[in-house]
Amino acid sequence: EGGLVRDISVGGLYGEKASGPVMDFSYVGIDAILEQMRRKAMKQGFELNIMVVGQSGLGKSTLMNTLFKSKVSRKSVLATAQEKIPKTIEIKSISHDIEEKGVRMKLTVIDTPGFGDQINNENCWQPIMKFINDQYEAYLQEEININRKKRIPDSRVHCCIYFIPPTGHCLRPLDVEFMRRLSKVVNIVPVIAKADTLTLEERDFFKKKIREELRANGIDVYPQKEFDEDAEDRMINEKIREMIPFAVVGSDQEYQVNGRRLLGRKTKWGTIEVENIAHCEFAYLRDLLIRTHMQNIKDITSSIHYEMYRVRRLNENNTVVAHANGIPEHHLVAHEM
């Protein structure tokens, strides 16, 4: 199987081996499309835009560095002397080109310093919502250009990791409000930050409580139930949904434990191993974001969240144009239906 592609390089264009005999007579070679797609994807590279949101001191920068095993967060690249908490929410992003085994990825990490750090945190989700919609708008404008680029640069936020403080009690009104509003426009992955401050019993209780509160408030975090494609998908995603929010610990410090190199946090009573699922759930988060669901996260951003934005914007435009042409509203509605 799949011999066609291999054999071209040896010299046989139609699947014959250079040395003579032809492969299985019934073989057509449709599966070779996968190799062609792989080669094209390798040439083009990928884009991934991750936003991290949560109040200061919850380990957002560290977690991003841990996820990509390199200094990708803005703080670790542009470290300033004692960073002050900004008076208003700022949105800052930093991009990196990462390469692994010949696969190139442009990673953008978007950071929201000042979120949840003010005396009055009312409406502090608004600048973040505006930023996400601005990226959709920029993409839409590129898309509706008459002479459009062959490949539109994608700055849309694919995923927002929301950091919940490890109180062990319940979600704060701020957490509920942010996730309720933002889950409609972006894929939200909630995590319990610095989970090594909770005992296992506290952690399980807190996770269960958060899941209940998300349900009670109608907050649909990633992976959303309604977008499961088939039974197999549903089975995999149900397992993930039962584990949300991931209780994570981040660290970019390396230690030697029993001759193994690992990322961890050293304390007087032992080392917390970041990638050990017995210690914390970082590995599950990494697998979800990078190893199993990265493409799906991007697909849902494009086919659901961006699509909803696009439909809304183009409808607005049609209404404006119709009004300018003197068409009354009820005619417009009747016509659209």
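In this predicted model, a salt bridge joins the side chains of Glu275 and Lys69, with a nitrogen-to-oxygen distance of 3.2 Å. Glu275 belongs to the loop that runs between β9 (270-273) and α9 (282-292), while Lys69 belongs to the loop between α3 (60-68) and α4 (74-77), so the contact ties together parts of the structure that are 206 residues apart in sequence. The two partners differ in their exposure class: Glu275 is partly exposed, at a relative accessible area of 29%, and Lys69 is exposed, at 54%.

This pair also belongs to a wider arrangement, in which Lys69, Glu275, Arg286, Asp287 and Arg291 are linked in a network of salt bridges. Within that group, Arg286 forms a salt bridge with Asp287, and the closest nitrogen and oxygen atoms of these two residues are 3.1 Å apart. Arg286 counts as buried, since its relative accessibility is 11% and the class of buried residues takes in values under 20%, whereas Asp287, at 25%, counts as partly exposed.

A further salt bridge is found between the side chains of Glu238 and Lys225, where the separation from nitrogen to oxygen is 3.8 Å. Glu238 lies in helix α8 (residues 231-243) and Lys225 in the loop between α7 (200-216) and α8, so that this pair ties together parts that are 13 residues apart in sequence. Here Glu238 is classed as partly exposed, with a relative accessibility of 25%, and Lys225 is classed as exposed, with a relative accessibility of 53%. The contacts described above are among the 25 salt bridges that the structure holds.

With regard to the strands, 6 of them form an open sheet whose order is β2-β3-β1-β4-β5-β6 and whose pairing is mixed. The edges of this sheet are formed by β2 (92-100) and β6 (246-247), each of which pairs on one side only. Inside the sheet, strand β1 (residues 46-53) pairs with strand β3 (residues 103-111) in the parallel sense, and the pairing extends over 7 bridges. Glu47 has Lys106, a residue of β3, as its bridge partner.

Taken together, the predicted model combines an open sheet of 6 strands with mixed pairing and 25 salt bridges, including the one between Glu275 and Lys69 and the one between Glu238 and Lys225.

Methods
Residues are numbered from 1 along each chain as its sequence is written. This is a predicted model: local features need pLDDT of at least 70, side-chain atom pairs count only at pLDDT 80 or more; totals for chains, interfaces and linings use all residues. Side-chain values use heavy atoms; hydrogens and water are left out. A salt bridge is a side-chain nitrogen of Lys or Arg within 4 Å of a carboxyl oxygen of Asp or Glu. Helices (H or I, at least four residues) and strands (E, at least two) are DSSP runs, numbered from the N terminus. Buried means under 20% relative accessible area, exposed over 50%, partly exposed in between (1.4 Å probe, protein chains only). Two strands pair if DSSP finds at least two bridges between them.
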